[in-house]
Every structure is written in C-alpha cells, then in structure tokens.
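Student: I'd like a close look at a single part of this model, with its surroundings added afterwards. Could you take me through it slowly?

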Amino acid sequence: ARRSLASPVVSGVLCPCGSPRAAGTTPGTGAESGGGGGASAGSGSCGRSLCEASEQDRRLRALFQKLDVNRDGALCIHDLAVGLGRLGLHRTELDLLKIVKAGDKDLDGQLDFEEFVHYLQDHEKKLRLVFKSLDKKNDGRIDAQEIVQSLRDLGVKISEQQAEKILKSMDKNGTMTIDWNEWRDYHLLHPVENIPEIILYWKHSTIFDVGENLTVPDEFTVEERQTGMWWRHLVAGGGAGAVSRTCTAPLDRLKVLMQVHASRSNNMCIIGGFTQMIREGGPRSLWRGNGINVLKIAPESAIKFMAYEQIKRFIGTDQEMLRIHERLLAGSLAGAIAQSSIYPMEVLKTRMALRKTGQYSGMLDCAKNILSKEGMAAFYKGYIPNMLGIIPYAGIDLAVYETLKNTWLQRYAVNSADPGVFVLLACGTISSTCGQLASYPLALVRTRMQAQASVEGAPEVTMRGLFKHILKTEGAFGLYRGLAPNFMKVIPAVSISYVVYENLKMTLGVQSR
C-alpha cells in the first residue's frame, strides 16, 4: 500500500465517516477507526458513535501542541513548517502563509488554539462540498472519470491519464479512487480547498453585462489560455454584451437624458421621457448612442483583459485564481487603464445619446465637430469622476457578491459546491445594483461634465463645483436623477447577457463551465 500522505495524528482529529455531526460537536472531529475513541455522545448518520467533547478537544490540542514548536501557544509560519515537516507533511512557505491568513482572525500573524480549530472546521466544510460536487456517482468515491467529467463541465478538457496523476497524489492505498478520508486528510492542512477550476463556479463573471464599464475582468484557467478557449469566452461575452446593451438601449438613453436635463423645474418621468424622445425623433431615436456603446465593448474588453493579466504578474502571485482583495486591486487598475484608453468613446456615446435630430450625420461627424469647436480636451470631460467611480463600484460589487455567495454556501449548500444558475444570476444582479448605487453620483457628474461642454457659452465647471451646484439647487436627490431607468435595465440586462452568452458558447464550441 502507498504511504499515507497524512500523519495519523492529523487523521485522528477527524471522524473517518465524514458524515454530518450531531449538534454541539466540533465539525471535523470524532472517533477514528482504530483509535481510542471516547464514550458515545450520540451517533451520526454513519452509525458510528461520536467522540465526547473532551476527547475531541484532547485530539485537537494534541495536534496543536505538536505543531507549536516553540511552545508559545500560537502557530506562526515557522512553527507550521517545522511541525508539519515532522509529521511528514511538507508545505511551501506560500502554502503556510495562506493557512495562517485564512485562520488569523485577529490579524496578529499567527494562529492561537481557537483560530486553529475554527480554520479546521471551516476548511473541512469547504472540502466536503467540493468532494460531493466531484462525486458524480454518489458512491462516496472519486475516480478518474469523475475528475475528467467535472473539469469538462467547467470547460476544461484533460485526459484520463492526467486525471490519474491527480488521483495518485491523494490515493493512499493504491485503489486509484479517493474516498472522503483520503480527500480530507490530504487537504486538511493544505490551503488548496479544491481543484482550482472548481472556483469558477463561484467567480463573479463579467458575463453579467449591465452596460456599465467598471466590472472586474474575467479570469481564465491555464488550460483555457493554452488552448485558446479564452478568446472564445471573450467573444461570447462581447456578443452577449452587444445584444444586452442593444435591448436595453432605450432605458440607457432615458437615463442619460434624465441625468443631464431633469431638475426640480423639469421633473422628467419615465413615460414622459419616452414620449419626448419619440415625439422629437421617432422610435429610432430611442437607440441613439447605442452604436458607439456597442462598438467600444471589443477594445475595452481586450485592453482590460490584457492589463489584468499583466497586473496579476506584477502582483507576483503564483495562484491561478486571485483572492478577493487582489482581484479588487488588479480589476480596478485594469479598469482604469481600459477606461483611459477608450474614454473619448464614452464622451462620444453621451453626445450621440443627447443629440437632436439632424445635429450630426454619424459618429465621425460628431467627433469632428467636437474636435473643431471644443478641442481635444473635450474628449476627456468627466474623466476624473469616472476614474473615482471605479473603486466604489468594483469594491462594493465584489464585496456584496462574496457576502451573498458565502451566505448561500453556509446556509443552503448541503450536497454540492455548484450554486446553480439562479443563485449566480441573483448574486450578480444584486451586487451590481449595489455597486451602481454607490457610484451613481459620480456617474451623474461625469455625464453632466461630458454634456456641459457642448452648450455654447456655458462656463467651465469642475467636478467639485458641479457637486456643490447640484446639492445647492436640487438637493441630495439631484445626484440620483435617472436612477429608476438605470435600475430597471439591470435584471433584463443580466438575464439577456446570460442567455446569449450560453448560446454563443455553444456556437463557438465552448462547453459550459
């Protein structure tokens, strides 16, 4: 039999059955087959007796003391390196840093006994969910075919030989299958919670295109980058965004008109706004500005993706998937670079949405007119509030998404780590809405600054001056003009994006993640 990758001390901390524990017991603890189990405190669904709390505590403390090399009552990276090495578990410094970061609640750079126990409990629950999601046959074992199928469901193709290599790294007894004990023992004191691609189930994807340009870019696995699948995902996402934006363009144009023209004296409502647009330019006028809005998807997505990949390398992480704060940093910087590159198109979009019938013959005519009358600087009106809006949007969007995801995971994810389409759509919709709500005043000021330069004889305004003027003349409510049509388009935009994205992936030969 192959030598165990987990020390008997590590294995002995946990119940071998992996079944749900009785209320009041410590998750991840229980009697070990062959170990000196304590008195029964009830029985789990496996039929085994559960350890007494004192026995559970003894086992956990025994493991903690073996790892606490310098006997100071806390585990630092050095303690873990030496202690795990003595147990035959060798981890890299980065792995150990991840373990400490994951459990370090008081941010003192080390784990006390309570933090260590909490880490084991939380980590084991995540491991259980992933194990169940991989166990396609529901027989309590994972084989090579199930690993191949799981990755294929995520859009990643590997051979059965490659899957067997994954198995061998965890297989203790040479059966070429992994049971719950082997899976848990291998990963328990290892920061890897899953096969990396599993995390794609939980990632906040940019396929939720709501017509805003502040979202964090998509991430792709090594296999997707090597096989060229990444560009197909980008094309599918771009096509989905184009259809979604076109379908919701009337609401987007109404939002722009209300941001610029609505005031206390001109209280533009939704029905009145649509009526005004149709009366002035006919039904086709509802889509003014949509052409440039769709056209800028491709360059913005490409620049954002390339910048994101370079920033990830600059951060220096060797993780395939970034942690939340790293994604926020990299995503915000990539968004700023992309927005800086295509910002003149943003100004053109606003001007085309606000134009009167016959004012411009097209996008090029509009650009020429702005350049000749206002100069190059006009193409960067509102640039500062636009850049400032990226951080609150992306930050709150990601934070809300992660909170909702973790809440669902803790309360409802019992048999699988796959949240399902509905949960992903709901989390994406709510988080995007919260992000827009936080950054909306900056978006309104940006739009007014973009439009202001087109008014002949109008004084030059600054971002700060415009904020003061709006608050003085319209009150705080004035910073949220056009919010209603903006929120009205979120749900249809997300839904249309998802449906079109899935169909385009099938057309391009990309299997669903």
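Student: With which side chain does the side chain of T177 make a polar contact at 3.1 Å, apart from that of T175?

Tutor: Happy to go through it with you. Please keep in mind that this is a predicted model.

The partner you are after is R141: the side chains of T177 and R141 form a polar contact at 3.1 Å. The T175 contact you mentioned also joins two side chains, again with T177 on one end, at 3.1 Å. As for its place in the chain, T177 sits in the loop that runs between α7 (160-168) and β2 (178-179). T177 has a relative accessible area of 17% and is therefore buried, the cut-off being under 20%. If we set aside neighbours within four places in sequence, the residues in contact with T177 are R141, I142, D143, L167, D171 and E182. There is also a C-alpha distance to put beside this list: T177 and E146 lie 10.0 Å apart in space, with their positions 31 residues apart in sequence.

Let's stay in that loop for a moment. M176 is also found between α7 and β2. Its phi is about 60°, a positive value, although M176 is not a glycine. That is worth a second glance because most residues other than glycine have a negative phi. M176 has a relative accessible area of 25%, so this residue counts as partly exposed. A second positive phi turns up at N138, which is not a glycine either; there the value is near 55°. N138 belongs to the loop between α5 (113-134) and β1 (141-142). With a relative accessible area of 69%, N138 is exposed.

Now follow the chain onward from T177 to helix α8, which covers residues 180-187. Its N-terminal end is capped by D179, where a side-chain oxygen lies 3.1 Å from the backbone nitrogen of N181. Of the 8 residues in α8, 6 are buried, leaving the helix mostly covered. Those buried residues are W180, E182, W183, R184, D185 and H187. You have met one of them already: E182 is among the contacts of T177.

For another polar pair, turn to N486 and Q436, whose side chains make a polar contact at 2.6 Å. N486 is in helix α20 (residues 483-488), while Q436 is in helix α18 (residues 421-452). The relative accessible area of N486 is 2%, which makes this residue buried. Q436 is buried too, at 3%. The C-alpha atoms of Q436 and V490 are separated by 9.9 Å, although their places lie 54 residues apart along the chain.

V490 begins helix α21 (residues 490-508), whose axis comes within 8 Å of the axis of helix α10 (residues 229-247). The two axes cross at roughly 140°, so α10 and α21 are oblique to each other. The crossing is right-handed. On the α10 side, the residues that meet α21 are R232, H233, V235, A236, G237, G239, A240, V243, S244 and C247. Their counterparts in α21 are A493, I496, S497, V500, Y501, L504, K505 and L508. Sorted by class, this contact holds 11 nonpolar, 5 polar and 2 charged residues.

For contrast with the buried residues, look at K105 in the loop between α4 (93-103) and α5. K105 is exposed, with a relative accessible area of 54%. Not counting residues up to four places away in sequence, K105 touches E115 and H118. K105 and Y119 are 14 residues apart in sequence and 9.7 Å apart from C-alpha to C-alpha.

Finally, here is the wider setting. The protein contains 21 helices and 2 strands. Of its 513 residues, 52% count as buried, and T177, with its relative accessible area of 17%, is buried as well. Among contacts between residues at least 6 apart in sequence, 70% join residues at least 24 apart. To come back to your starting point, the side chain of T177 makes its polar contacts with the side chains of R141 and T175.

Notes:
Residues are numbered from 1 along each chain as its sequence is written. This is a predicted model: local features need pLDDT of at least 70, side-chain atom pairs count only at pLDDT 80 or more; totals for chains, interfaces and linings use all residues. Side-chain values use heavy atoms; hydrogens and water are left out. Buried means under 20% relative accessible area, exposed over 50%, partly exposed in between (1.4 Å probe, protein chains only). Helices (H or I, at least four residues) and strands (E, at least two) are DSSP runs, numbered from the N terminus. A polar contact is a pair of N or O atoms within 3.5 Å; within protein, one must be able to donate a hydrogen and the other to accept it, and residues adjacent in sequence count only if both atoms are side-chain atoms. Axes are lines fitted to C-alpha atoms, for helices over the stretch in contact, and angles run from 0 to 180 degrees between N-to-C directions. Angles under 35 degrees count as roughly parallel, over 145 as roughly antiparallel, 65 to 115 as roughly perpendicular and the rest as oblique. A crossing is left-handed if the near helix is turned anticlockwise from the far one by less than a right angle, and right-handed if clockwise. Contact means heavy atoms within 4.5 Å. Ala, Val, Leu, Ile, Met, Phe, Trp, Tyr, Cys and Pro count as nonpolar, Asp, Glu, Lys and Arg as charged, and the others, Gly among them, as polar.
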